[in-house]
Amino acid sequence: MNVMIIPEDFRKDRYTLEPIIKEMMTAVGKQKAKVVVCTDPLLGGIDQALRWERIKEIIDDYKYKVQLFLLCVDRDGKAERRARIDYLEKQASSVLNQNQRFLGENAWQEIEVWVLAGHELPNDWSWEAIRQEVNPKEIYFEPFAEQRGVSNRLGGGRKILAEEAARRYNRIRQLCLEDVANLEERISTWIKTEPGE
């Protein structure tokens with residue numbers, strides 16, 4: 001199975017998403033899935049990532065190579081973002097064949113929180129506060145990368161921290177029920193009902 005992650009901006013998000021989604025695919029029984037991040041086109045932000053015209057462009061470019069498209073964006077404290085993702089999923093279902101699926105998820109509140117979920121965090125940090133913070137990248141992730149001494153590494157420390165976090169994928173799933181566990185469940189359900197499975 002070929003899986004393509006569509007981030008709102010691959011330049012940093014790729015380092016966060018790729019190792020975690022690979023572990024997610026293993027969890028749903030697709031450990032041999034080829035997981036890639038969409039780097040062409042560069043969407044460059046949430047507005048582009050939530051535009052059907054841009055998503056259709058990606059689907060049209062890769063639909064003969066990819067079975068599962070995963071749009072992964074930040075929620076940014078906007079509850080209405082889920083409705084926009086649902087709209088994109090509905091539009092995509094009309095152009096994909098029966099062996100393909102487009103699924104989207106909005107990270108609470110930013111993708112970097114998934115990485116934090118896979119780590120032991122400072123004792124004075126509250127997980128509930130991290131999940132609800134609209135700007136967890138600046139408030140929590142960047143200081144954590146600084147504390148770990150990796151902020152000057154690839155992706156501002158995202159690559160190394162995400163790879164470490166992915167090794168504790170079960171913890172990420174347990175702490176991120178609304179997004180990570182939800183996306184995994186939706187992928188698992190699709191795989192079970194996929195023609196030819």
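At what angle do the axes of α3 and helix α4 cross, and within what distance do they come? Let me start there. This is a predicted model, so keep that in mind throughout.

The axes of α3 and α4, the latter covering residues 81-93, cross at roughly 40° and come within 10 Å. Angles under 35 degrees would count as roughly parallel, and roughly perpendicular starts at 65. That makes α3 oblique to α4. The crossing of these two helices is right-handed.

Who makes the contact? From α3, the residues are Trp52, Ile55 and Ile59. From α4, they are Arg84, Tyr87, Leu88, Gln91 and Ala92. By class, the contact of α3 with α4 splits into 6 nonpolar, 1 polar and 1 charged.

Stay on α3 for a moment. Asp60 sits in this helix, which runs over residues 52-62. Is Asp60 buried or exposed? Neither label fits, because its relative accessible area is 31%, and that makes Asp60 partly exposed. In sequence, Asp60 and Val95 are 35 residues apart. In space, their C-alpha atoms are 8.7 Å apart.

Just past α3 comes a loop leading to β3, and Lys65 lies in that loop. Lys65 has a relative accessible area of 53%, so Lys65 is exposed. The cut-off for exposed is over 50%. Lys65 and Met4 are separated by 61 residues in sequence. Their C-alpha to C-alpha distance is 9.4 Å.

Next, the second helix pair. Helix α1 spans residues 10-27, and helix α10 spans residues 177-193. They pack at an angle of about 45°, with axes 10 Å apart. α1 and α10 are therefore oblique to each other. Their crossing is right-handed.

On the α1 side, Ile21, Met24, Met25 and Ala27 make the contact. On the α10 side, Val180, Leu183, Glu184 and Ile187 do. How many nonpolar, polar and charged residues does the contact of α1 with α10 have? There are 7 nonpolar residues, no polar ones and 1 charged.

Two other residues of α10 deserve a slide. Take Asp179, which is in helix α10. Asp179 counts as buried, because its relative accessibility is 0%. What is Asp179 in contact with, leaving aside neighbours within four places in sequence? The list is Glu105, Asn106, Ala107, Trp108, Trp114 and Arg131.

Now Trp190, also found in helix α10. Its relative accessibility is 2%, so Trp190 counts as buried. Not counting residues up to four places away in sequence, Trp190 touches Met1, Gln67, Leu68, Asn99, Gln100 and Arg101. Trp190 and Asp60 are 130 residues apart in sequence. From C-alpha to C-alpha, they are 21 Å apart.

On to the rings. The count of aromatic pairs comes to 2. One of them is Trp125 with Tyr140. Their ring centres are 5.0 Å apart, with 75° between the planes. That pair is edge-to-face. Where do the two partners lie? Trp125 is in the loop between α5 (112-117) and α6 (127-132), and Tyr140 is in helix α7, residues 136-147. The pair therefore ties together parts that are 15 residues apart in sequence. Trp125 and Tyr140 are both buried. Ring pairs also bring in Phe144, giving a cluster of Trp125, Tyr140 and Phe144.

Last, the backbone. If you plan to check the torsions, here are three places to look.

Which peptide bonds are cis? One runs from Asp40 to Pro41, with omega near 15°. Pro41 is in the loop between β2 (34-37) and α2 (46-49). Another cis peptide bond joins Trp108 and Gln109, and there omega is about -15°. Gln109 lies in the loop between β4 (101-107) and α5. You have met Trp108 already, among the contacts of Asp179.

The third place is Asp76. Its phi is positive, about 55°, although Asp76 is not a glycine. Asp76 lies in the loop between β3 and α4.

To recap the helix pairs: α3 is oblique to α4, and α1 and α10 are oblique to each other. Both Trp125 and Tyr140 are buried. Asp179 is buried as well, at 0%. Over to you for questions.

Conventions:
Residues are numbered from 1 along each chain as its sequence is written. This is a predicted model: local features need pLDDT of at least 70, side-chain atom pairs count only at pLDDT 80 or more; totals for chains, interfaces and linings use all residues. Side-chain values use heavy atoms; hydrogens and water are left out. Axes are lines fitted to C-alpha atoms, for helices over the stretch in contact, and angles run from 0 to 180 degrees between N-to-C directions. Helices (H or I, at least four residues) and strands (E, at least two) are DSSP runs, numbered from the N terminus. Angles under 35 degrees count as roughly parallel, over 145 as roughly antiparallel, 65 to 115 as roughly perpendicular and the rest as oblique. A crossing is left-handed if the near helix is turned anticlockwise from the far one by less than a right angle, and right-handed if clockwise. Contact means heavy atoms within 4.5 Å. Ala, Val, Leu, Ile, Met, Phe, Trp, Tyr, Cys and Pro count as nonpolar, Asp, Glu, Lys and Arg as charged, and the others, Gly among them, as polar. Buried means under 20% relative accessible area, exposed over 50%, partly exposed in between (1.4 Å probe, protein chains only). Rings of Phe, Tyr and Trp (its six-membered ring) pair if their centres lie within 6.5 Å; planes under 30 degrees apart count as stacked, over 60 as edge-to-face and the rest as tilted.
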